[in-house]
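Please load the coordinates in a viewer and keep the selection panel open. The stops below are given in the order in which they may be selected.

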Amino acid sequence: MLNLLKIWRNEKSREIIVQIIVLIIFGWFISWLVGNVSGNFERLGKDLSFEFLFIPAGYDINQYLISYNNRDSHLRAAIVGLLNTGLVAICGIVIATIFGLFLGVLRLSKNWLANRIAYWYVEFTRNVPILLHILLWHGIIINTLPHPKQAIDIFDVSYLTNRGFYIPKPIAESGIELFYLFTVIAIIFAVLFSRYSKKRQELTGKQFPVFWINLMVIIVFPCIALAFNNFPISFSIPELKGFNFRGGLHLSPELIALTFALAIYTAAFIAEIVRAGILAIHKGQREAAESIGLKPDKVMNLVILPQARRVIIPPLTSQYLNLTKNSSLAIAIGYMDLVATLGGISLNQTGREMETMVLVLLIYLCISLSISSLMNWYNYRVKLVDR
Amino acid sequence: MAFDKNNYAPGTHPDLPPPPGTVGVVGWLKNNLFSSLSNSILTLLSMYLLYLLIEGGLSWFVVDAVVNANDKPGCRKIADGACWAVIVKRFDQFIYGFYPLAERWRIDVSFFLLFVAAAPLLYPDIKFRKYMLVFSCLYPFIAFILIKGGLFNLLMIETNLFGGAMLTVIIGVTSIACSLPLGILLALGRQSRLKLVKVISVCFIEFMRGVPLITLLFVASTMLNYFLPPGTNFNLLIRVIIMMTFFSAAYIAEVIRGGIQAIPKGQYEAADAIGLTYWQTTRFITLPQALKISIPGIVNTFIGLYKDTTLVVIIGLLDPLGIGRAALADTKWNGLSTETYLFVAVIFFISCFAMSRYSLWLEKKLSTDHN
Amino acid sequence: MNSKNKNYVIKINEMHKWFGSFHVLKNINLEVGQGERIVICGPSGSGKSTLIRCINRLEVHQEGHISVNGIELSGDLKNLEAIRSDVGMVFQSFNLFPHLSVLENCTLAPIWVRKMPKKDAEELAMEYLERVKIPEQAKKFPGQLSGGQQQRVAIARALCMKPKIMLFDEPTSALDPEMIKEVLDTMIELAETGMTMLVVTHEMGFAKKVADRVIFMDEGEIIEQNTPKLFFTKPTNDRTKLFLSQILNH
């Protein structure tokens with residue numbers, strides 16, 4: 001008895017005892033859950049099996065990046081869904097970043113009017129649920145844009161209709177390889193050139209207008225390649241045939257509404273992050289940089305941005321993650337993403353709630369965890385530089 | 001008579017007005033709108049954008065809008081703008097869902113009492129705070145009895161009649177209230193020295209934050225019953241609230257963890273040095289300080305959760321968005337999605353904007369309090 | 001060494017401590033008698049703060065023995081509780097609880113650790129606040145006080161537990177010069193009551209005035225210890241001489 005008391009009184013052994021108690025309670029809870037599941041499964045005559053993944057899905061998906069038809073398996077449908085999630089997420093992130101940066105700069109601008117417009121845009125956008133944004137834009141496309149017959153015509157090559165947008169689709173012809181090659185060369189040149197000019201500047205102090213030169217190279221080089229082979233590229237222009245458009249690239253109303261809504265919603269958050277990040281840099285930093293004679297763009301590039309980046313990037317990544325997770329709301333407008341395929345139609349058709357939901361949850365978890373561990377690594381590195 | 005500004009005996013220089021055009025309306029315009037060429041261009045562009053918005057928006061929203069009509073064609077007969085009739089005709093549903101007309105006073109009373117109950121939590125300086133906090137603790141029971149009924153001669157109302165803004169508030173407030181204690185425990189668990197406790201907390205938090213809320217709601221609607229003893233079958237609304245609680249608890253845990261980490265190490269050392277135990281330190285030192293700095297973060301989490309309640313429409317509950325979708329499914333109003341969704345958007349904007357203003361106010365107040 | 005009697009309250013025996021692989025304290029042997037007042041000095045990073053933080057186990061030593069009032073410091077939580085309520089500590093950065101009033105700061109431990117009735121605890125706290133000469137600030141919050149006042153509250157807070165030993169970890173180094181004196185005066189008064197004190201400080205005037213013994217530490221070792229008179233006039237070790245010349249001639 002006395003010994004037991006002594007064990008309880010000792011710091012180390014008490015920690016172990018408490019953990020064992022926690023383990024017992026937790027283990028009991030888990031086994032309770034598992035027991036319930038198996039009991040329920042038995043009662044309903046179900047089993048746990050992932051074989052359904054390999055039987056034909058039997059439903060159509062209107063938007064796919066890899067070939068798909070309704071005789072393909074549920075697994076393939078899920079992959080199509082996952083790729084659609086990826087498509088929306090990447091497009092959304094790119095647009096949101098550009099638009100968010102632009103708004104953030106406006107929010108920092110000394111121009112009162114532009115500043116106020118950006119402020120009210122941000123406030124209105126981020127205080128309205130994302131699902132509403134998605135439904136609103138989807139509704140606008142479906143209900144207020146005209147039928148294909150009266151499509152809004154943009155220069156006779158693109159058409160906005162209530163069945164989606166039709167834009168020219170570039171088609172590569174033979175001889176395009178040179179264009180690809182030159183593009184790659186231009187990019188490699190740009191990378192090497194910026195390295196070289198940095199080194200040259202360190203050695204001799206002389207500077208190139210690196211950005212402008214690289215921009216020129218990246219635009220002009222591939223164009224030369226195109227001209228050289230007599231422009232081996234053609235465009236499939238959408239044309240009205242009967243009740244609908246044929247040819248061109250068709251962007252479905254769902255894809256557009258979802259991407260656009262996610263982008264403008266996230267952009268509002270990004271704008272605030274950018275603003276807060278820049279404002280977090282103490283005023284003294286700017287004053288000190290100006291007092292040693294740096295020009296405004298150098299003040300930004302050499303002093304403000306390197307410091308702001310550290311503040312901006314972590315919340316920015318979590319916004320990207322949010323955008324990806326929010327893309328699951330696709331199901332509300334019938335865009336076939338991962339949740340709508342695997343967690344929606346596949347679930348309903350096979351009746352395997354447990355298996356499909358577990359897969360969906362695991363996939364999202366993998367995406368989130370890999371991005372957040374990337375972020376932790378970045379934070380760790382930045383912290384090291386700090387000292 | 002010309003003044004020479006530089007011709008005064010030392011010590012007799014009076015205060016002179018600033019040069020013209022640097023203060024007043026002209027000065028303000030010059031400084032804020034036309035300080036440089038690029039600035040002036042930006043101003044003109046902004047003005048043009050604003051003009052387009054006001055010109056187009058005003059005619060659609062107000063001038064050509066129709067408030068009184070019985071269906072969409074009826075609207076179109078009168079004018080070409082927004083058809084607000086869909087909102088007007090169903091306004092009650094947007095607020096109360098399908099709650100029986102004669103019993104709606106119960107919702108009104110609960111809603112009013114909610115502010116009384118929340119006041120001492122939200123305004124720390126309020127008078128009679130102690131007594132009001134007692135009421136805050138009792139409020140959940142009062143509200144439950146009032147809204148659900150079944151006691152004291154109040155008619156029992158089935159939860160499938162709940163809907164509209166009232167449903168949003170019920171889900172939001174209940175989830176956040178339940179998730180606070182859970183979130184605190186998770187935050188403490190995550191900071192715990194006990195490895196096992198830490199691992200369990202981290203797993204729970206990261207799982208909840210790693211998956212989209214809609215998948216969790218699907219879990220609630222399709223497979224939660226599998227995890228409960230055979231034969232248990234409870235209300236979808238409660239299942240949704242449980243999931244929302246877990247979800248927001250994970251986010252609140254992270255907010256509070258931030259608060260705990262902001263407490264200087266010296267506080268714990270001092271608590272150790274005067275001999276407080278872990279739970280005493282947690283109760284008297286850690287939580288009072290951590291919670292106080294976390295309040296703005298908690299309010300922001302609440303705003304997020306409140307916005308996320310719209311997701312319940314996907315699993316078939318009728319929040320304002322669901323009511324709107326139901327209206328659109330009615331052939332009479334088919335196609336008026338812009339009006340409906342904008343109306344719901346404005347409801348959310350007003351409430352969320354008010355809350356975020358409050359959060360900002362609180363943040364400012366906290367940063368100037370005491371030190 | 002000349003201690004007032006052989007009744008040791010602190011005994012440290014061949015104590016070692018590492019931070020990771022860094023050896024902060026090397027073979028520390030120290031005995032402190034009842035009522036003895038010790039000043040510990042040395043360059044920054046010499047381990048002097050770590051040493052006194054080991055005495056109430058804010059830092060855990062890895063080798064050797066420390067006993068306080070005859071109780072061995074180990075993982076035993078009951079002993080730790082007893083030691084912590086007998087040993088008061090004052091920190092460099094005060095570490096007052098900012099969300100509690102001055103009075104609440106002082107009564108917290110008596111109420112919850114000593115299990116004193118609230119009224120008695122408040123009377124006791126007021127008594128000590130009077131002794132550190134700030135009873136009129138009892139209802140204020142720490143953030144409303146000056147640094148010197150905060151440090152005096154911290155001393156009162158520690159005294160409210162009626163400790164037998166007081167540890168001071170650089171109590172004046174975070175203070176503005178004009179506030180150092182008020183804190184030192186409080187400490188001198190405390191010394192006059194016969195309290196056992198271990199003080200880490202650079203205030204050599206204080207050492208000369210009240211210390212029974214001055215200990216010089218460098219690189220984790222006790223290099224030299226002596227009465228203040230001999231320590232300042234006839235230091236034996238070269239490192240001590242260097243340190244004294246740096247600290248006294250500025």
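**Domains of chain A**

In this predicted model, the centres of domain 1 and domain 2 of chain A, taken over C-alpha atoms, are separated by 41 Å. To display the two parts, select residues 2-43 of chain A for domain 1, and 74-144 together with 253-382 for domain 2, as the domain assignment gives them.

**A buried asparagine in chain A**

Next, select A:Asn115, which lies in helix α4 of chain A, residues 112-126. Is A:Asn115 buried or exposed? A:Asn115 counts as buried because its relative accessibility is 13%, and the cut-off for that class is under 20%. Show the surroundings of A:Asn115 as well: with neighbours within four places in sequence left aside, the contacts are A:Leu106, A:Arg107 and A:Ser109.

**The nonpolar patch on chain A**

Switch to a surface representation and select A:Leu181, A:Ile185, A:Phe211, A:Trp212, A:Leu215, A:Met216, A:Ile219, A:Val220, A:Phe221 and A:Ile224; these residues make a nonpolar surface patch of about 980 Å². Helices α6 (177-204) and α7 (210-228) of chain A each supply at least two of the patch residues. Which helix gives the largest share? That share, eight residues, comes from α7(A). A:Ile219 is one of the residues found in helix α7 of chain A.

**Nonpolar cores**

Now turn to the interior and select B:Phe162 and B:Ile171, the residues with the most contacts inside the largest nonpolar core, which has 140 residues. Around B:Ile171, display B:Leu237, B:Val240, B:Ile241, B:Met244, B:Thr309, B:Val312 and B:Leu317; these are the contacts of B:Ile171 beyond four places in sequence. Another core, of 50 residues, lies apart from the largest one, and C:Leu184, C:Val210, C:Phe231 and C:Ile247 are among its members.

**Helix α2 of chain C**

Select residues 77-86 of chain C, which form helix α2, and mark the buried C:Leu80, C:Ile83, C:Arg84, C:Ser85 and C:Asp86. Against what do the buried residues of α2(C) pack? Within chain C, the partners are α1 (48-55), β4 (63-68), β5 (71-72), β6 (87-90) and β7 (165-169), while chain B contributes α12 (265-273).

**Salt bridges**

The structure holds 24 salt bridges over all chains. Begin with A:Arg352 and A:Glu355, whose closest N and O atoms are 3.1 Å apart. A:Glu355 is buried, because its relative accessible area is 2%.

Move to chain C and select C:Lys48 with C:Glu170, a salt bridge in which the closest N and O atoms are 3.7 Å apart. This pair links distant parts of the chain, 122 residues apart: C:Lys48 is in helix α1 of chain C, and C:Glu170 is in the loop between β7 and α6 (177-192). Both C:Lys48 and C:Glu170 are buried.

Then select C:Glu182 and C:Arg152, a salt bridge with its closest N and O atoms 2.8 Å apart. Here too distant parts of the chain are linked: C:Glu182 belongs to helix α6 of chain C and C:Arg152 to helix α5 (residues 147-159), 30 residues apart. With a relative accessibility of 25%, C:Glu182 counts as partly exposed, whereas C:Arg152 is buried at 10%.

As the last stop, select B:Arg190, B:Glu206, B:Glu254 and B:Arg257, which are linked in a network of salt bridges.

Technical notes:
Residues are numbered from 1 along each chain as its sequence is written. Chains are lettered from A and ligands numbered from 1 in the order in which they are written. This is a predicted model: local features need pLDDT of at least 70, side-chain atom pairs count only at pLDDT 80 or more; totals for chains, interfaces and linings use all residues. Side-chain values use heavy atoms; hydrogens and water are left out. A nonpolar core is a set of buried Ala, Val, Leu, Ile, Met, Phe, Trp, Tyr and Cys residues joined through side-chain atoms within 4.5 Å. Buried means under 20% relative accessible area, exposed over 50%, partly exposed in between (1.4 Å probe, protein chains only). Contact means heavy atoms within 4.5 Å. Patches are made of residues with over 30% relative accessible area and no salt bridge: like charges are joined within 9 Å, nonpolar side chains (Val, Leu, Ile, Met, Phe, Trp, Tyr) within 5 Å. Accessible areas come from the Shrake-Rupley method with a 1.4 Å probe; for residues, only the protein chains shown count as cover. A salt bridge is a side-chain nitrogen of Lys or Arg within 4 Å of a carboxyl oxygen of Asp or Glu. Helices (H or I, at least four residues) and strands (E, at least two) are DSSP runs, numbered from the N terminus. Domain bounds come from an automatic or database domain assignment.
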